[in-house]
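Trainee: I should be grateful for a close look at the strand pairing in one part of this model. Please begin with one pair of facing residues and then set out their surroundings.

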Amino acid sequence: MTNTLTADPATSHDSFLTVQGMTCAACSGRVERTLTALPGVQSAVVNLATGRARVTHDGGVTPQALADAVTAKGYPTAPREAGASHDSGMAQAQETAGLRRRFLVALALTLPVFVMEMGGHAVSAFHHWLHGLVGERPLWIVQMILTFAVLAGPGRIFFTLGVPALLRGAPEMNSLVALGAGAAFAYSTVVTLAPGLLPADARHVYFEAAAVIATLILMGRWLESRARGQAGAAIRHLIALTPGTATLLRDGRAVSVPVADLMPGDLVRLRPGERVAVDGEITEGSGPIDEAMLTGEPVPVVKQPGDGVTGGTVNGGSALVMRVTATGGDTVLSRIVTLVEEAQATKLPVQALVDRITRIFVPAVMALSALTFVFWMIFGPGLAAAFVAAVAVLIIACPCAMGLAVPVSIMVGTGRGAELGILFRRGDALQRLAEARVVAFDKTGTLTMGRPELTDLQTVPGWDRDDALRLAAAAESQSEHPLAAAIVNAAKGLDLPPAQGVTATAGRGLSATVDGHAVLIGNLAALSEAGVAPVSALADAATDWAKTGATPVHLAVGGAHVAAFALADPPRDDAAEAIRGLHDLGLQTAMISGDTPATAQAVGHLLGIDRIIAGVLPEGKLDHIRAMGKGTVFVGDGINDAPALAAADTGIAIGTGTDVAIESADAVLSGGDPSGVVRAIRLSRAVMRNIRQNLFWAFAYNTALIPVAMGVLVPFGGPQLSPMLGAGAMALSSVFVVTNALRLRRAP
């Protein structure tokens, strides 16, 4: 195989592949080893549940070369663009429909075989009647023909995949089924066509076992595929949120166009109740937008001109016009889908144990089957019993459930997270988040709104609150200071007169002339320097505000102290609830802030945070996070939070924050609600609990039933599993694992 140079070989690239034909953990492990053995490949992660692989490699390796290498090992593979998931639902549906057809055909062919053979064991009168009517050998011939049709038709997949893998010295699940069903059919065919080759006491046919084995395993794969389709429903639901057409305003006319034709800058009309097609900015109208698909919050958000809207959200009862800002893969919805898919492709640390076991599992099962045959030949009643025991071991031990135990839980869990507004950028964050001990928050923009607001206003007798606010806002309207913006925002709806001679003094305040009045806005030091005597009632109120973390600002008009304003960055509505929720989960909470100790202490005590660290520079945040040790989660939103987000065991970015913070995090809350941290930890614990349940079932199933199939209980009067029961139990084990994982769709 020759790799074609497409870029700088020293540059690392991530390629995504779609892999077909994987049926168990042995398959996915073999694909991984094939990829990692290629020159220039740094790592490969294969997901059995999604049928996808993510490969990190040098620039000198092409995705097609990777796909060709895996295809050569018997697993048809093709390159796939990251985020190109629009056809995944259709492919899954086609796979499920194909398996259903195979199962139904196999069932129709198997039922007569089963009735002819097992019906006679159940009802002796039926046995005598049937054999008297047709004869034993003709019945065997009919069973042979029908069983051959099952194995050569719907069951052909076991041989086309399993036999080549066996010949390459890399047996997998299909190899076990092909050996078991093929051996049963071959043995029975010899008994039917050349009985003289076998002793008289060994002339028994097992056509029904071969046919039922193939049919039951096809049934299990069909049910498993159908359940996997349900597991991926969250992704398909997100993709389906984008409408096919949009109403474009072109030359004053409204034209319906495909969403794919929209370009940034286009003006689009949103009708009441219509779903937003792409990301944009409101230019005309105002009204509520339902953003539940993005934030998980059911309460609509009122949008006004200048506010952004996201593709996939739903317009309320107002007619709006928006300007397109992002299309295609640049939209928030597309990025969400990509994040979820990448998280689903991640391998959790717990998966390493499964990989080590399944790598040797299939060869070990084949060795146990051979050993079982030898022991039964030596100590058992004869060839037929030894043959049945060996086949039962082959069939019962397929490691399907092992391979699905972890990835299918990740698949469902990350999809559920997306529905709740929790985006896991890396799947292994699921496991680390479940092991959290301490959750540390940044303050500004994470626990608080991130912008100052007017929280209180007092005036001297004779002054109206609105008059004081109007004069202050008129002067501050020409300032860029965040505190000035808070006063101006509080005065919305008031008629602001023009201000002249605006002069700002750093660290003191601002002076101007408004409506012919000399206006001074600032702290008490500014008033003192201007010769303004402070009013004791206003000064006392300012002192009380400062103790709660608010910033007091004073207003003097015509040389007289007339009003005081309290400006503070208020906590988010759900911040206190989030802290209580974390405490209910048994976690400690901390707040690390660069703000002044008085402000940080006031906010921290108000929210009930356990540990408050204030006056910390960005590098100081990093040191405090490291000192907190293993199991630390950090939640932040700003550029200065990026190092701490990267250093924490798990970094969670508030989705309303900066791109730098989001890129540094392991998980993202797509809304600004800090209570999403509680939901994320609950979900991660539910996923890990689900994985442990699946692994217990998968390992306990094989540990318990392989010895039973070998016949260790027979000397003590116990049962021995037949190949048919083994096939049914094996198929149902995989269905159990996937069905158990589907319960995560209802996780909190």
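**Strand β1 and its partners**

Mentor: Across from L17 stands P79, a residue of β4. The model in which this pairing appears is a predicted one. Strand β4 covers residues 77-80, and four bridges join this strand to β1 in an antiparallel arrangement. Strand β1 itself comprises residues 12-19 and is also joined to β3, residues 52-58. That second pairing is likewise antiparallel and has seven bridges. Within it, S15 has V55 of β3 as its bridge partner. Strand β1 is thus described by two pairings, one with β3 and one with β4.

Two further sites, elsewhere in the chain, may be added for context. The loop between β18 (509-514) and β19 (517-522) contains D515. Although D515 is not a glycine, its phi is positive, at about 55°. Most residues other than glycine have a negative phi. D515 has a relative accessible area of 46% and is therefore classed as partly exposed, since that class lies between the buried limit of 20% and the exposed limit of 50%.

The other site is a positive surface patch made up of R689, R692, R743, R745 and R746. One of these residues, R745, lies in the segment that follows α27 (723-742). The relative accessible area of R745 is 40%, so R745 is partly exposed. A residue must have over 30% relative accessible area to belong to a patch, and R745, at 40%, satisfies that condition.

Methods. Residues numbered from 1 in each chain as written. Predicted model: local features only at pLDDT ≥ 70, side-chain atom pairs only at ≥ 80, totals over all residues. Heavy atoms only, no water. Patch = residues over 30% accessible without salt bridge, like charges linked within 9 Å, V, L, I, M, F, W, Y side chains within 5 Å. Areas by Shrake-Rupley, 256 points an atom, 1.4 Å probe, with all protein chains shown as cover. Salt bridge = Lys/Arg side-chain N within 4 Å of Asp/Glu carboxyl O. Lys, Arg positive; Asp, Glu negative; His and termini not counted. Charge placed at Lys NZ, Arg CZ, Asp CG, Glu CD. Buried < 20%, exposed > 50% of the residue type's maximum accessible area, 1.4 Å probe, protein only. Pairing = 2+ DSSP bridges.
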